[in-house]
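Colleague: I should like to go through this model with you. Could we take the fold of one chain and then the contact between chains?

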Amino acid sequence: MAVKPALSDVLSSSPLSIMERHAEACLSCVARLGPYFEAAQGGHWGKAEKLQLEIARLEGIADEIKLDVRKNLPRGLWMSVSRPDLLELVRMQDKMANETKDIAGISLGRQLAFPSKLEKSLFKFIATVTEAAEKAVEVVSATRELSRSAFGARQVTVIMTKSVTVEKIERRSDELQSKLRAKLRQHEETISPVDAIFLYQLLTNIGEIADHAEKVSHRAQIIAAS
Amino acid sequence: MEVLASHGFILLALACVFGLFMAWGIGANDVANAMGTSVGSRALTLKQAILVAAVFEFAGAYLAGGEVTSTIRKGIIDPAVLTDTPELLVFGMLSALLAAATWLLIASMRGWPVSTTHSIVGAIVGFAAVGISVEAVAWGKVGTIAASWVVSPLLAGSMSFALFISVKNLILDHENTFERARQYVPVYMWMVGFMISMVTLLKGLKHIGVDFDLGMGSKFTNAMVVSAAVGLVVAFLGSVLLRRIKVDGDINSVDNVEKVFGILMIFTACGMAFAHGSNDVANAVGPVAAVVSTVQSGGIIGAKSAMPWWVLGIGAAGIVVGLATYGWRVIQTIGRKITELTPSRGFAAELAAASTVVLASATGLPISTTHTLVGAVLGVGLARGVEALHLPTVGAIITSWVVTLPAGAGLAVIFFYVLSAIFG
């Protein structure tokens, strides 16, 4: 006798916890960017390739979770947070992972490394961008926590504070990027023009991860304030 | 008339067997919705839930099941129409039991969320209207019952909404969440104790022969005073349990606060089981009581003789057996699926549903516990306590209760003609 208990079917699984899982998967992708460029700058292309594959694999996992989110948000669902907001959040989170995969792909495909004089600032730039992503994921986790405490005023404040941190880090990453661009310009003579174009491209892309992180935290903030 | 004299024993035996089967079905299936919430939120382990359900279902059925039983037994059908043909009532009640049980079996196999209450009421109305005459149905009472099916989920929903908002404002929105939870949770425990005690005092004690009078004037004020005291005892017991909670890490973390509500949920689970027993046992026992009293009085319908209370015992026992043989597995299934309803939410839903059901039991209205609980869960959702609710399921529940009425009625009519042909 198959029994259909009405009650358990009324309660749908929590969308925010899948959201958090997706955010963490995207973050694990971004976190590999530092190690990748360390390998690339050191000229260890074998190791870099392994890391690039790892990034691609993690991005695939994030994609699967993203599809899961979309599948688990049918129209008949009545939620405490708005459906478009959630879908937008997952899209933004996913962009962080996608961007990381593209960056590693471009660099590995052309075996492209930055001039060694730029290394120190580059690592600092990547670390800052990664931090932005980390903090953004923290905001998403806090939103989940907020929902567990039923959208109390106390948790909303926590989210606002965390969100401000993400903005600050994003601004710092912008500054680091423009400094790197200036430095790269001084080395333009020593690198091939095509490589130079792609290096600028890489800097833009790395910076965009922080932009996406900021958008993630903004969207989470909107969900929290709704 | 002769039928009742010559086949009296067989008819009685059939009634008991059908009634037991129906009660078994309620225990196997229905109880799970009442208890699953507590298991899902890990307030109770499966074993504890079964124990709580067994004890409080029995208590609820025996102490507070009388009013609804008498509605099913003699409230839906107008006894005056049947005074000359009492055997029709007996056949009818037997076929109603069989029809409801069959329909529940079919529905369960198909996975439709149907209600026991709707099946049995549909079946009784069906055999009476088609098998006897349209005037045989007490339409006024049936109208009230149908209205209560709409009102009960709404009432439970509003109550759970208010309860959860109160939890938010009094506890969750503050800095010292844990301390406040420990302060306010005994108040909710008091409500559970008060509610169970009220309905037991007002509706239950008269048939176990206990009479009490504190000289407070009316019976109601008497009960109020005693129940308030009982509530205090319950709240005290609860606060002793609350003091024994072990906290890890940040004392105000969501996990630690949920532990406080977990203790509260043990109490609301008892209340829920009591409420369910008090209302749903009648679905099995009401028709049996009708048969028993008609046969024993030699065909006098609605005889003044008191309701045979051992019949309630049969129903209560059937529920417990159903729970022990099959129901525990359903509880386990539900428990695994509804982890989304944490104790701070689950308690609000349970307390609201239990209060609504107990209120209905006291006024003799047979309502669906499951639907009331679903209404209560939606109320918590409206207060933003639940992240996601699946509305198509709510639609399916509404559809199934619309379908259940004619289905139960149709089956009852068929069985009625078959039984009449065999015995008549």
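Colleague: Among contacts in chain B between residues at least 6 apart in sequence, what percentage join residues at least 24 apart?

Modeller: Please note that this is a predicted model. In chain B, 88% of the contacts between residues at least 6 apart in sequence join residues at least 24 apart.

Colleague: How many helices and strands does chain B have?

Modeller: Chain B contains 14 helices and one strand. The radius of gyration of chain B is 22 Å, close to the 22 Å that the globule rule gives for 424 residues, so chain B is as compact as a globular protein of that length.

Colleague: What does the C-alpha trace of chain B span along its principal axes, and what percentage of the residues in chain B are buried?

Modeller: The trace spans about 75 × 55 × 35 Å. Of the 424 residues in chain B, 62% are buried.

Colleague: Turning to the contact, how many residues does each chain give?

Modeller: Chain A gives 30 residues and chain B gives 39 residues. On the chain A side, the largest share comes from α1(A), with five residues.

Colleague: What is the make-up of that chain A side by class?

Modeller: The side of chain A that touches chain B has 16 nonpolar, nine polar and five charged residues.

Colleague: In which sense do β1(A) and strand β1 of chain B pair?

Modeller: They pair in the antiparallel sense over three bridges, with β1 of chain B covering residues 388–390. Within β1(B), B:A388 is the bridge partner of A:M79.

Technical notes: Residues numbered from 1 in each chain as written. Chains lettered and ligands numbered in written order. Predicted model: local features only at pLDDT ≥ 70, side-chain atom pairs only at ≥ 80, totals over all residues. Helix = DSSP H or I, 4+ residues; strand = E, 2+ residues; numbered from the N terminus. Rg over C-alpha atoms; globule rule 2.2 N^0.38 Å. Buried ≥ 20, exposed ≤ 12 C-beta atoms within 10 Å, placed from the backbone. Contact = placed C-beta atoms within 7 Å. Nonpolar A, V, L, I, M, F, W, Y, C, P; charged D, E, K, R; others polar. Pairing = 2+ DSSP bridges.
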